[in-house]
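I am opening a notebook on the charged side chains of this protein, and I want to record where they gather and how they pair.

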Amino acid sequence: MNYIFIDSRNNFEMIGIVEDNRLVEFYIDKKGHSKQAGNIYRGRVVNVLPGMEAAFVDIGQGRNAYLYVKNALPKEMISTNVQVNIQDIIKNGEEIIVQVLKEASENKGAKVTTHITLPGRFVVLTPFSNKINLSRKINDREEIERLNQIGEDMQKDNMGLIFRTKAFGVNEELLIDEYNMLINIFRKIEKEKKFLPCPKLIYKEMELSHQIIRDVFNHNIHKIILNDKEKYDNILSFQGIIFPKLEEKLYLDEGFNIFSQGKIVDEIKTALARKVALKSGGYIVIDETEALTAIDINTGKFIGSKNLEDTVVKTNLEAAEEISKQIRLRDIGGIIIIDFIDMKNNKDISLVLDKLKEFLSYDRNRANIIGITKLGLVELTRKKVRNSLNSSFIEKCPHCDGKGKILDKSIDKSLFIW
């Protein structure tokens, strides 16, 4: 069964997506800890750094946000190859409209852009582009032609758009209505340029639970379970705007408790663990660092039945599937390096990479396999919008500063006191 659950309790909300009775995505939203991704602010440039081709922008959220030169280019320069310096387009003290691309982390401010985009259920408005694009998951030729024609007919003021995967087969009138609604929102945002104060939040992205339903809810979702009446009514009020026929699948169960769902709890525990066991007896180890995430595969107790090469391939194939699921469940973004067990046969390497690519394709957040390094490491990247699941549940140990190790008892600790 496929379903979405929203467990609201105390000061936080837990949201999960279950596919074929397995938890595939899980998020925690703490009240009072506001999410920034997707929000649009009127900010003030506080520092332009020519040496970094970037600027810091005060958006009123504590740590200054980071604006890279390519995300600050004027609309007319985006598709050109002209070399531009950050100080030529952004000035200290200037007030600009920016949107958060990536949440702030423990050591870094939010990443922002001046190229505003507004997502709907079927369409994403891209005012800083005049192109009409389609989701790569739409591969039906007739549907591609239909949507491109609709896009050309409804396009206004040279504002581009992207048809999301859910636009497949959707009535033209509904697509036009959503596109016009997004344009109206953008025009209101543009008017805010002229009003004080600064910095100021001028557009707040939907609550996380609403975002998940907007982006995930379709005919494959059998039900949405909530245990909070206020949240139930709030989501139901959006029916007909972005959630058509929502009431048919919305269930209020005030007794629902995620911690009574044994299988889901076990999967959350696994997603927070460093070591993940494979059914064969092998295991994978996932280490998240600030720079990248490293994943290692080991045969463990699995000894196979034929020969070493067969054992290695079977372990790697099983690991490829589990790694894809863990990346999605943990919401790991940025650079990911996978150290599969060494394989000598190119055919086996291709088999494992194809398996990895297949299961990564189920992820809403598209991952790109870059290739294999000379050392045999698989490189891939995944768009980072939110901080990973670990950051919501795990705190750095104040004694070891997150190292997770202690000095050998046989060593005189006084040598390390300065």
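Entry one, the negative patch. I looked up which helices feed the negative patch in this predicted model, and I found that α2 (141–154) and α3 (172–191) each supply at least two of its residues. The largest share, three residues, comes from α3. The members I wrote down for this negative surface patch are E152, D153, E172, E173 and D177. I then picked out D153, whose place is in helix α2, and I noted that D153 counts as exposed because its relative accessibility is 52%, where exposed means over 50%.

Entry two, the salt bridges. I turned next to pairs, keeping in mind that side chains of opposite charge can pair when their charged atoms come close. How many salt bridges does the count come to? I noted 21 salt bridges, and I followed three of them one by one.

Entry three, D7 and R9. I saw that D7 forms a salt bridge with R9, and that the closest N and O atoms of the two are 3.0 Å apart. Is D7 buried or exposed? I recorded D7 as buried, because its relative accessibility is 0%, and buried means under 20%. For R9, I wrote down a relative accessible area of 23%, so R9 is partly exposed.

Entry four, E19 and R328. I found the side chains of E19 and R328 meeting in a salt bridge, with 3.1 Å from N to O. This pair links distant parts of the chain, since E19 is in strand β2 (residues 12–19) and R328 is in helix α7 (residues 308–330), 309 residues apart. I noted that E19 counts as partly exposed because its relative accessibility is 28%, whereas R328, at 7%, counts as buried. I also recorded that E19 and R328 belong with E25 and R364 to a network linked by salt bridges.

Entry five, E95 and R44. I looked up a further pair and found that the side chains of E95 and R44 meet in a salt bridge at 2.9 Å, N to O. E95 lies in strand β7 (residues 95–102) and R44 lies in strand β4 (residues 40–49), so this salt bridge ties together parts that are 51 residues apart in sequence. I wrote down E95 as partly exposed because its relative accessibility is 32%, and I entered R44 as partly exposed too, at 27%.

Note on methods: Residues are numbered from 1 along each chain as its sequence is written. This is a predicted model: local features need pLDDT of at least 70, side-chain atom pairs count only at pLDDT 80 or more; totals for chains, interfaces and linings use all residues. Side-chain values use heavy atoms; hydrogens and water are left out. Patches are made of residues with over 30% relative accessible area and no salt bridge: like charges are joined within 9 Å, nonpolar side chains (Val, Leu, Ile, Met, Phe, Trp, Tyr) within 5 Å. Accessible areas come from the Shrake-Rupley method with a 1.4 Å probe; for residues, only the protein chains shown count as cover. Lys and Arg count as positive and Asp and Glu as negative; His and the chain ends are not counted. The place of a charge is taken as NZ of Lys, CZ of Arg, CG of Asp or CD of Glu. Helices (H or I, at least four residues) and strands (E, at least two) are DSSP runs, numbered from the N terminus. Buried means under 20% relative accessible area, exposed over 50%, partly exposed in between (1.4 Å probe, protein chains only).
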